[in-house]
Amino acid sequence: LDGPSYRFSLVSVYICMYISIFLSRLSTMETLSLFGSTFPVFTSIFIIIYLFGYFMIFQNWSGKHRPEASSCLMSLAHGTPAVLLATHSILKTQTPLGFASPNTIFQNMVLEFCSAYFFTDLLHYTVFIPNDVLFIAHHLATLYVFVTCRYIVHHGAFAILIILVLAEVTTPCQNTWSLAGLRKSDVPAAAKLYEFLSLPFYAFYSVVRGIFGPLLVYKMGVFYTSGAADDVIPKWAWISWMVVIVSAILVSMLWVLNLWVDLYRERSKKTKNQKKSS
C-alpha cells in the first residue's frame, strides 16, 4: 500500500508472527493470570504495536492517515487473536457452559486482552480524533461490559465472548479495506484493492451483524428475562450489557447500510458514465 507492496507485506508478516508467538505463550499467560491481571502486559503490547506502526511501517504516510493506519494495525493484532482466544476459551472449558456460567481463568484473560486493546485504542481516539464521539462512546461502553463482567460480576463471559467472536471475525477484512481506503486516492493498487474488497466485506459484515448477531442477542434476552441468571448476574448488569450490545448492533447496521447506499450510488454513476461514453 505504500511504495510497491513491501509495507503491506511487512504488516502481514508482522501480524502473523505476533499471532504465532502469542498463541505459543497461552499457557504462560494463563499461569500469570492466576497471580494477577494480565491487563498491563497486554496494554504494553498494544502500545508497542501502535508505536511500531506509527514510527516504522507508516512513517511516510500523511499526518492525517498515519495515526488511523496505526490504529488499524493494532486492530489487526487484536481481532484475529481475540477470535481464536475466545473460541479456544469456550471449547477448552470442560464444565457446562451457559449465559450465566462462572468465568474461567482463561476467559478472564481473554476479557483482559480485549480490554487492553479497547483502552489503548481509546487513547488513540482521545489524542488524535477527540471529536469522534461515536467511536469514543463505543469504546467506553465496550470497556464497561468487559470490566464489569471480568472484575465485578465474574459470570457471563461465555455470552460476552460469543458476541466478541461475531464482532471481531470481520476485522481482518475490515482493516485491510480501511487501510486500502486511506490510500486509494494516492495509490492505484490501493484503489483497486478497496473496490475489490468492498462488496464481499459489506456482504460478510451484513450477514454477521444483521443475522447472527441479532439471533444470539435474542437468545440472550430470552434467557436473562426468564430470571435464570438472577442468582449470579444482577439485573443492572445484564440489562446494561444488553443495552450496549443492542445499541452496537444497531449502529453497525446503520453504518454498513450507509456503505451499501454509497456503493450503489458509485456503481450507478459509473454505469451512467460508461453509457454516455459509448
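User: How many salt bridges does the rule give?

Analyst: The count comes to three salt bridges, where the rule asks for a side-chain nitrogen of Lys or Arg within 4 Å of a carboxyl oxygen of Asp or Glu. The model is predicted, so local features need pLDDT of at least 70 and side-chain atom pairs count only at pLDDT 80 or more, while totals for chains, interfaces and linings use all residues. Residues are numbered from 1 along each chain as its sequence is written, and side-chain values use heavy atoms, with hydrogens and water left out.

User: What makes Arg150 and Glu112 a salt bridge?

Analyst: Their closest N and O atoms are 2.7 Å apart, and the cut-off is met because the rule accepts such a pair within 4 Å. Arg150 lies in helix 6 and Glu112 in helix 5 (residues 105-128), so the pair ties together parts that are 38 residues apart in sequence.

User: Why are Arg150 and Glu112 called buried?

Analyst: Buried means under 20% relative accessible area, exposed over 50%, and partly exposed in between (1.4 Å probe, protein chains only). Arg150 has 14% relative accessibility and therefore counts as buried, and Glu112, with a relative accessible area of 1%, is buried as well.

User: Is Asp186, the partner of Arg183 in a salt bridge, buried or exposed?

Analyst: Asp186 has a relative accessible area of 53% and is therefore exposed, whereas Arg183, at 10% relative accessibility, counts as buried. The two side chains meet at 3.9 Å, N to O, which is accepted because the salt-bridge rule takes pairs within 4 Å.

User: How do you know that Lys270 and Glu195 are partly exposed?

Analyst: Lys270 has a relative accessible area of 39% and is therefore partly exposed, and Glu195, at 41% relative accessibility, counts as partly exposed too. Their side chains meet in a salt bridge at 2.9 Å, N to O. This pair links distant parts of the chain, with Lys270 in helix 10 (residues 235-277) and Glu195 in helix 9 (residues 188-225), 75 residues apart.

User: Why is helix 7 called roughly antiparallel to helix 9?

Analyst: The two helices pack at an angle of about 170°, with their axes 10 Å apart. Helix 7 is therefore roughly antiparallel to helix 9, the label used for angles over 145 degrees, as against under 35 for roughly parallel, 65 to 115 for roughly perpendicular and oblique for the rest. Among the residues of helix 7 that meet helix 9 are Ile162 and Leu166, and among those of helix 9 are Phe212 and Leu216, where meeting requires heavy atoms within 4.5 Å.

Key
Helix = DSSP H or I, 4+ residues; strand = E, 2+ residues; numbered from the N terminus. Axes fitted to C-alpha atoms, helices over the stretch in contact; angles between N-to-C directions.
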